[in-house]
Amino acid sequence: MKPDSPAAQMALSEEYVRNFFMYTDHDNDAIAELFRLSVFRTSAALGMGWEIPEDDARLTRNTEYLKDTFTPGLVDPKTLADSEAQLASFPDVYFRIKEVLDSPVSSADDVARIVSSDMELTAKLLKLVNSPFYGLMETVEDVAHAIALVGVTEVSNLALGISAIKVFKDIPPELMDVKTFWRHSVSCGVFAKLIASRIPGLKADRFFTAGLLHDVGRLIIFKKLPYASVQTLLYARENMLPLVDAERDILGFDHTEVGNMILTEWRFPQTLVDAMTWHHKPSEAQDPQGAAIIQLADNMTNAMEISIGGMYVLPGLEDGAWERLGLKPSDLVSIVGLFDTHIDELFASFL
């Protein structure tokens, strides 16, 4: 039944959104602001004709055919990651970029030459850096130009992230639509860069890639343990639990452990691996502030997805994570506004 007045619309929105904030600390200034923003957006969506999903929308159907590669309970994160590392066909350009980055005698020209050899990668990279999101004052015409304006490390990390996406295309649709997964990932990347840009002394661009790949371990779990993943998703949805907690309860480990293994195997830059591995426990990271940025970005993504049908409970912020960032709640309002301006264009750049 649709609400018949703005007041009823707002009340229904608050009741609905509260379910997704059950495991968060409402005394935290950031969480309180995200709750307010999410309620407002959900109420606005209702006013535009959006309807709150029925309870049975949480159920996953037609999953009997899914077969796990390994036996749940008898497999560990390293085994999952090793099996994917052996089978995944990464583009040659990925490893060539890594070799150049790891060489003490390499130059920016070497990186530009290698990235430019892959036309699809070059097209996506140039589309990204020429978007208003990057806010450059001039049009970037080639990879060398991008490196001169953005930096060799940032361009290389972007190239690595774009290359990694190409590896993961076959998520069983009963688990999650691939576009839904990547929209969440790109959104987290956008939020991470926007958050980092407000913190003095940080190179914000590197956080886009960290946010983009923060859930890469979950993709491997989906691929190798599809049926167990269904049980995990159902358990999370039916009990209104954060998905990371459901993973630990059902699988005995979570996606960050698998992600750490695969990203280390693929020789991703350690700063990125650290931020992605510890985005649910920033205090344990080598760079707690960097991991806290990804944690906040992940929570912001989940909060903003509620009004478009997102069904995942916010995992919340670790004690002290918000304070490490030195931001104000009003910063989150500005960040969400910028996110709305850029997300559709950036998402289209990746697919």
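This is a quick walk through one helix, one buried phenylalanine and some of the salt bridges in this structure. Keep in mind that what you see is a predicted model.

Let's start with helix H4, residues 92–102. Which residues of H4 are buried? They are Val93, Tyr94, Ile97, Lys98 and Val100. Look down the axis of H4 and those buried residues fall within an arc of 165°, so they line one face of the helix. Turn to the face pointing away from that buried side and you find Asp92 and Glu99, both exposed. As for partners, the buried residues of H4 pack against helix H5 (108–116), helix H6 (119–129) and helix H8 (152–165).

Next up, Phe347, which sits in helix H18, residues 329–350. Phe347 is buried, with a relative accessible area of 12%. So what does Phe347 touch, leaving aside its neighbours within four places in sequence? The contacts are Lys179, Trp182, Arg183 and Val186. If you like distances, Phe347 and Gly217 are 21 Å apart, C-alpha to C-alpha, with their positions 130 residues apart in sequence.

Okay, salt bridges. The structure holds 16 of them, and I'll just pick out a few.

One of them is Glu33 with Arg36, where the closest N and O atoms are 2.6 Å apart. Both are in helix H2 (residues 29–47), and because they are three residues apart there, about one helical turn separates them. In general, an α-helix has 3.6 residues a turn, so residues three or four places apart point the same way. Is Glu33 buried or exposed? At 13% relative accessibility, Glu33 counts as buried, whereas Arg36 is partly exposed at 44%.

Then there's Lys193 with Asp205, at 3.4 Å, N to O. Lys193 is in helix H9 (residues 178–196) and Asp205 in helix H10 (residues 205–212), so this pair ties together parts that are twelve residues apart in sequence. Lys193 is buried, at 9% relative accessible area, and Asp205 is buried as well, at 16%.

Asp254 and Arg248 make another, with their side chains meeting at 2.9 Å, N to O. Asp254 is buried, with 4% relative accessibility, while Arg248 comes out partly exposed at 29%.

Last one: which residues are linked with Arg198 in a network of salt bridges? Those are Lys328 and Asp331.

That's my tour, thanks.

Technical notes: Residues are numbered from 1 along each chain as its sequence is written. This is a predicted model: local features need pLDDT of at least 70, side-chain atom pairs count only at pLDDT 80 or more; totals for chains, interfaces and linings use all residues. Side-chain values use heavy atoms; hydrogens and water are left out. Buried means under 20% relative accessible area, exposed over 50%, partly exposed in between (1.4 Å probe, protein chains only). Helices (H or I, at least four residues) and strands (E, at least two) are DSSP runs, numbered from the N terminus. The arc is that of the directions from the helix axis to the C-beta atoms. Contact means heavy atoms within 4.5 Å. A salt bridge is a side-chain nitrogen of Lys or Arg within 4 Å of a carboxyl oxygen of Asp or Glu.
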